[in-house]
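Open the model in your viewer and set it to a cartoon view. This tour tells you what to select at each stop and what you will find there.

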Amino acid sequence: MKSRYFLILTLLFVIPIVISGCGRNNTQTTVTTISDAGKESGTTTITIFNSGNNLQGIAQGVNHVVEFTELGFNPSSINIKEGDGVTFINKAQQEAWPASAKHPTHNVYPGSGIEKCNTAEQPKIFDACHGLKKGESWSFTFNEKGKWGYHDHITPTFFGIINVD
Ligand SMILES: [Cu+2]
């Protein structure tokens, strides 16, 4: 098969040149294509989506959505897998501040604690660390198995559960 021969030659003579500045998650690579006569026939640019470590993040988990309304978190209880993400979206007029149980310390989820807000540890804690305005969202990846309660730090009578297994 001539076309297969062409493809094999193309793959064998790939010259990857990473061009920087083409987007955070994507890598553009220039490859030299070789004709079946063995001559260089030109170059083409391919884009590799989500290269490197980002690929692992995508393979690991899916994302779930919890809405905050005037009635509280919806759904108030969800079952997810270890490594999944949850995006909290505020659809209410008032601000919402999702955070790990228990109010006011927020230290039930491993490693969490309100005192870590506005420190280098903040990305690792189950705490939005501020009130989300209407339309604003905040996401957290759950890498710890367990039944994790949370609440709205602004109106602590609103609460929910993330079951991670
Ligand atoms: Cu609180």
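## First stop: two cis prolines

Select Pro-104, which sits in the loop between strand 8 and strand 9. Now show the backbone from His-103 to Pro-104: this peptide bond is cis, with omega near 0 degrees. Keep in mind that this is a predicted model.

Next, select Pro-75. You are now in the loop between strand 5 and strand 6. The peptide bond leading from Asn-74 to Pro-75 is cis, with omega near -5 degrees.

## Second stop: the whole chain

Zoom out and colour by secondary structure. The protein chain holds two helices and 11 strands. Follow the elements from the N terminus and you read α-β-β-β-α-β-β-β-β-β-β-β-β.

How much of the chain is buried? Buried residues make up 17% of the 165 residues. Now think about contacts between residues with a separation of 6 or more. Of these, 47% are between residues 24 or more positions apart.

## Third stop: the sheet 5-4-7-9

Select strands 5, 4, 7 and 9. They form an open sheet of four strands in the order 5-4-7-9, with mixed pairing. Strand 5 and strand 9 (137-141) are the edge strands, and each pairs on one side only. Turn the sheet to look along it: the twist averages 25 degrees from one strand to the next.

Before you look at the pairs, one general point helps. Strands of a sheet pair through backbone hydrogen bonds, either parallel or antiparallel.

Start with strand 4, residues 63-69, and strand 7, residues 85-90. Do these two strands run parallel or antiparallel? They run parallel, and six bridges join them. Select Val-66 and look across to strand 7, where Phe-88 stands opposite. Then select Phe-68; Asn-90 in strand 7 stands opposite Phe-68.

Keep Phe-68 selected and look towards strand 5. Phe-73 in strand 5 also stands opposite Phe-68. Strand 5 covers residues 72-74 and runs antiparallel to strand 4, with three bridges between them. Trace the backbone from strand 4 into strand 5. The two strands form a hairpin, with two residues between them.

## Fourth stop: the sheet 6-11-10-8

Now select strands 6, 11, 10 and 8. This is an open sheet of four strands, in the order 6-11-10-8, and its pairing is mixed. At the edges are strand 6 (77-80) and strand 8 (98-100), and each pairs on one side only. From one strand to the next, the twist averages 30 degrees.

Focus on strand 8 and strand 10. Strand 10 spans residues 146-152 and pairs with strand 8 in the antiparallel sense, over three bridges. Which residue in strand 10 is the bridge partner of Ser-100? Select Tyr-150: this is the partner of Ser-100.

## Fifth stop: Ile-161

Select Ile-161 in strand 11, which covers residues 159-164. Show the residues around Ile-161. Leaving aside neighbours within four places in sequence, Ile-161 is in contact with Ser-76, Ser-77, Lys-147, Trp-148 and Gly-149.

Add a distance from the C-alpha atom of Ile-161 to that of Ser-77. These atoms are separated by 4.6 Å, although the residues are 84 residues apart along the chain.

Why does Ile-161 count as partly exposed? Ile-161 has 15 other C-beta atoms within 10 Å. A residue is buried at 20 or more and exposed at 12 or fewer, so a count in between makes a residue partly exposed.

## Last stop: two positive phi angles

Go back to the loop between strand 8 and strand 9. Select Asn-118, which lies in this loop. Phi of Asn-118 is near 65 degrees, a positive value in a residue other than glycine. Asn-118 is exposed, because 10 other C-beta atoms lie within 10 Å.

Move on to Cys-129, which also lies in the loop between strand 8 and strand 9. Cys-129 is not a glycine, yet its phi is positive, at about 65 degrees. Is Cys-129 buried or partly exposed? Cys-129 is partly exposed, because 18 other C-beta atoms lie within 10 Å.

How values were computed:
Residues numbered from 1 in each chain as written. Predicted model: local features only at pLDDT ≥ 70, side-chain atom pairs only at ≥ 80, totals over all residues. Pairing = 2+ DSSP bridges. Axes fitted to C-alpha atoms, helices over the stretch in contact; angles between N-to-C directions. Contact = placed C-beta atoms within 7 Å.
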